[in-house]
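Visitor: Hi, could you walk me through this one? I'd like to start at one helix and then wander about.

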Amino acid sequence: MAEDTRQDKRASFSAITEHNTNGMARTSAVASSKSGASKKLVIKNFKDRPKLAENYTEDTWLKLRDAVGAIQNSTSIKYNLEELYQAVENLCSYKVSPTLYKQLRQVCEDHVQAQIKQFREYPFFFSKPQSLDNLSFLKRMNRCWQDHCRQTVSVLFDIRTLMSCVRCRDTGLELFRTHIVSDSAVQKRTVDGILEQIELERNGETVDRSLIRSLLGMLSDLQVYKDSFEERFLVETNRLYAAEGQRLTQERDVPEYLHHVAHRLEEENDRIMSYLDQSTQKPLISCVEKQLLGEHITAMLQKGLRILLDENRVAELALLYQLFSKVKGGLPTLLQFWRDYIKSFGGEIVCTPEKDKDMVQDLLDFKDKMDNVAQSCFTRSEGFINAMKEAFETFINKRPNKPAELIAKYVDSKLRAGNKEATEEELERILDKIMIIFRFIHGKDVFEAFYKKDLAKRLLVGKSASVDAEKSMLSKLKHECGAAFTSKLEGMFKDMELSKDIMIQFKQYIQNQSEPSNIELTVNILTMGYWPSYIPMEVHLPPEMVKLQEVFKLFYLGKHSGRKLQWQPTLGHAVLKAEFKEGKKELQVSLFQTLVLLMFNEGEEFSMEEIRAATGIEEEELRRTLQSLACGKARVLNKNPRGKDVEDGDRFNFNNDFKHKLFRIKINQIQMKETVEEQVSTTERVFQDRQYQIDAAVVRIMKMRKTLSHNLLVSELYNQLKFPVKPGDLKKRIESLIDRDYMERDKETPNQYHYVA
């Protein structure tokens, strides 16, 4: 019905009833009015719902069944698809869908049940060998699955059945799972075939990955992937790689095995990307890592880590770290082996006296090598860097004092004039590296003693290569150990600067004298507390030198009253003018060499005993001096009889035939070379200084605490002392202080001490 709401007029309508081909009656309303008039229509529902035509449901089902059958048999559908869709929609709107669903399900179920026969009756199902048969079985299964999927999609989209009413796809999956894949024999054969194909691929053969991907996709869609396939797959993977790991760790060396493991992991990740379900990734990779790595961590490190580090196999070490980071306990175990290796290798460098000559350079090279490994291979891991520092500190202090002594000598060799191995920038880098090794040393006072002695030689003999380099090293030591450590070293530099100023004043003083000397004297004034201790040696100087010494003494004490000067002839050196047949030469020699050579102005030949009596030089020092003049490269004296060593009774004469291409010739100062006695003396002085420091620390602590037990006193001492000391040595110093009445034992508790004011 329709009415005009704007005008009070009736419109004429005609009802036209049409019969559609699907049996439904449909009514159309046509409104007519005068042209040009504006009308508003209101459409209302029928009062009575249209009814389905008789036999409409049965006829529709027959058409639908024929259409589904055509799809299943891959033949053409003889009905119009729009017609079928409209019919199904009509039936669903009249709530016939449950019946329709049951009928459709039954048709599909009958079809699927018919498919299972081809697998149960497969002609080669139990034949052996089965590799080819299994492959053809898998292909047939895949073809069946693909056909089923295509048919289900066709039923769903070609017929356009509403999923809310008839869930064709879900039904299709359920039927395929129930009647085909859930069959134990079929499922086992399918999974066996897939596992066989994967095993063949793992053994290097080419397989049809698209086939495997399709079948695993089928299992996943049917929701049986995990139970039917994944569990068995992981068990087989575990078995395969357990056997492979056990075999290959014995057969192959570690670098080759590491590359094999990396290749295996890459293959398994590729399988996951190609055909395995993503849910399999974590357990699969964990399984491979556990069997190829986790079970062999210790064995691999014992067999190959030292070789990799010795040969500096950076790429393999980086791979080792990367792989071990994936397994539980891998990195902690690697860290422990890395620490043990450094201790072992470094211990061989430090504790082998035969290698002392190259110890420091070997340590620097070893540190550079380990730094490179930590940075390039171990991703600058803080744990590995700390372990390396701990290991260096442990092994370098296994041999007390010697590394400190040799490091000081190494620095001396780099800072000494004549070292042309490095530019200033390279020298600075070398000093920085030395400071890193220096930090690991506990007995830094030993380093200080030898460094001070060598620095004194460089400063006094003018052997320092660069003042800037010297001061740079001093600055590094000050930054590392504090101002107290370098105060004496800084005092040595101040003495040298003050000595230059004093000598300028002394030259002016000499010029004003009535009798100027023909000898040019240079004196270095050394503060005794700053410089190493030197044993005074009385020698017989020429009258000219003695006179000049007295002039300087008078000059200096006139400016600094109350001071005492003590001459050190062992540190003196001179430049002599000599005349040979070839011509005049200048000889740069030590003071002892000077005294010996000046004797030959008074005579032509002297015995060793005569020279000793005339000069007053100590016997061993004289032997070295004569050896340098008569047995070295520049032989300005002749020795009779000839030989490399100076013996009692040897006689010496001036070598007038001496020739040399240079005008100024430096004769090696053998007395400046450190002897074993000097090394022992320096070390003993360090130990003596340590005893004084221990005594001072004990008195300082007891004065503050008044009463203290032995254990607490020892603990306090370890906190204050900056050098390694044994408990037995501390006990001796405590006993010494008790004997000297600085402290006393408690009468009732012997393990307790009281300070004596």
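Guide: Happy to. This is a predicted model, and a good place to begin is the start of helix H24, where a side-chain oxygen of Glu618 comes to within 3.1 Å of the backbone nitrogen of Glu620.

Visitor: Okay, and how many residues does H24 have?

Guide: H24 has twelve residues, 619-630. From its first C-alpha to its last it reaches 16 Å, close to the 16 Å expected at 1.5 Å a residue.

Visitor: Which of its residues are buried?

Guide: In H24 the buried ones are Glu621, Leu622, Arg623, Thr625, Leu626, Ser628, Leu629 and Ala630.

Visitor: And what covers them?

Guide: The cover includes two helices, H22 (591-599) and H23 (608-615). Strands S6 (637-640) and S7 (651-654) are also part of the cover.

Visitor: Let's look at H22 then. What does Val596 touch?

Guide: Val596 lies in helix H22. Leaving out residues up to four places away in sequence, Val596 touches Ile611, Thr615, Ile617, Leu622, Thr625, Leu626, Leu629 and Leu637.

Visitor: Is Val596 buried or exposed?

Guide: Val596 has a relative accessible area of 0%, so it counts as buried.

Visitor: How far is Val596 from Ile617, C-alpha to C-alpha?

Guide: Their C-alpha atoms are separated by 9.3 Å, and the two residues are 21 residues apart along the chain.

Visitor: Let me zoom out. How many helices and strands does the protein chain have?

Guide: The protein chain has 27 helices and eleven strands. Of its 757 residues, 43% count as buried. Among contacts with a separation of 6 or more, 69% are between residues 24 or more positions apart.

Visitor: Now aromatics. How many pairs are there?

Guide: The count comes to 27 aromatic pairs. One of them is Phe366 with Phe395: the ring centres are 6.4 Å apart and the planes are at 55 degrees, so this pair is tilted.

Visitor: Where do those two sit in the chain?

Guide: Phe366 is in helix H14 (residues 359-376) and Phe395 is in helix H15 (residues 382-396). They are 29 residues apart, so the pair links distant parts of the chain.

Visitor: Are they buried or exposed?

Guide: Phe366 is buried, at 3% relative accessible area. Phe395 is buried too, at 0%.

Visitor: Which residues form a cluster with them?

Guide: Tyr341, Phe345, Phe392 and Phe440 join Phe366 and Phe395 in one aromatic cluster.

Visitor: What lies over the face of Phe392?

Guide: That would be Lys367, at 5.9 Å from the ring centre. Elsewhere, the charged end of Lys444 sits over the ring of Phe438, 5.4 Å from its centre.

Visitor: Tyr341 caught my eye. Which residues of H13 are buried?

Guide: Tyr341 is one of them. The others in H13 are Gly330, Leu334, Leu335, Trp338, Arg339, Ile342, Gly346, Gly347, Ile349 and Val350.

Visitor: What covers the buried residues of H13?

Guide: The cover includes H11 (297-310), H12 (314-324), H14, H15 and H16 (402-415), which are helices.

Visitor: How does the span of H13 compare with what it should be?

Guide: Helix H13 (residues 330-350) has 21 residues, which should span 30 Å at 1.5 Å a residue. Its end C-alpha atoms are 30 Å apart, so the two agree.

Visitor: New topic: how many disulfides are there?

Guide: A search of the whole structure finds zero. As for individual cysteines, Cys287 is buried at 10% relative accessible area, whereas Cys351 is partly exposed at 39%.

Visitor: What does the side chain of Glu268 make polar contacts with?

Guide: There is a polar contact with the side chain of Tyr241 (2.5 Å), and another with the side chain of Arg271 (2.7 Å). Glu268 is in helix H9 (residues 254-274), and it is buried, with a relative accessible area of 0%.

Visitor: What else does Glu268 touch?

Guide: Not counting residues up to four places away in sequence, Glu268 touches Arg202, Leu284, Ile285 and Val288, as well as Tyr241.

Visitor: Last one: where does Asp192 lie?

Guide: Asp192 lies in helix H6 (residues 184-202) and is partly exposed, with a relative accessible area of 21%. Asp192 and Phe233 are 41 residues apart in sequence, and their C-alpha atoms are 9.5 Å apart in space.

Conventions:
Residues numbered from 1 in each chain as written. Predicted model: local features only at pLDDT ≥ 70, side-chain atom pairs only at ≥ 80, totals over all residues. Heavy atoms only, no water. Helix = DSSP H or I, 4+ residues; strand = E, 2+ residues; numbered from the N terminus. Expected span 1.5 Å × (residues − 1). Buried < 20%, exposed > 50% of the residue type's maximum accessible area, 1.4 Å probe, protein only. Contact = heavy atoms within 4.5 Å. Polar contact = N/O pair within 3.5 Å; in protein donor to acceptor, adjacent residues only side chain to side chain. Phe/Tyr/Trp six-rings, centres within 6.5 Å; stacked < 30°, edge-to-face > 60°. Lys NZ or Arg CZ within 6 Å of the ring centre and 35° of its normal. Disulfide = S-S within 2.5 Å.
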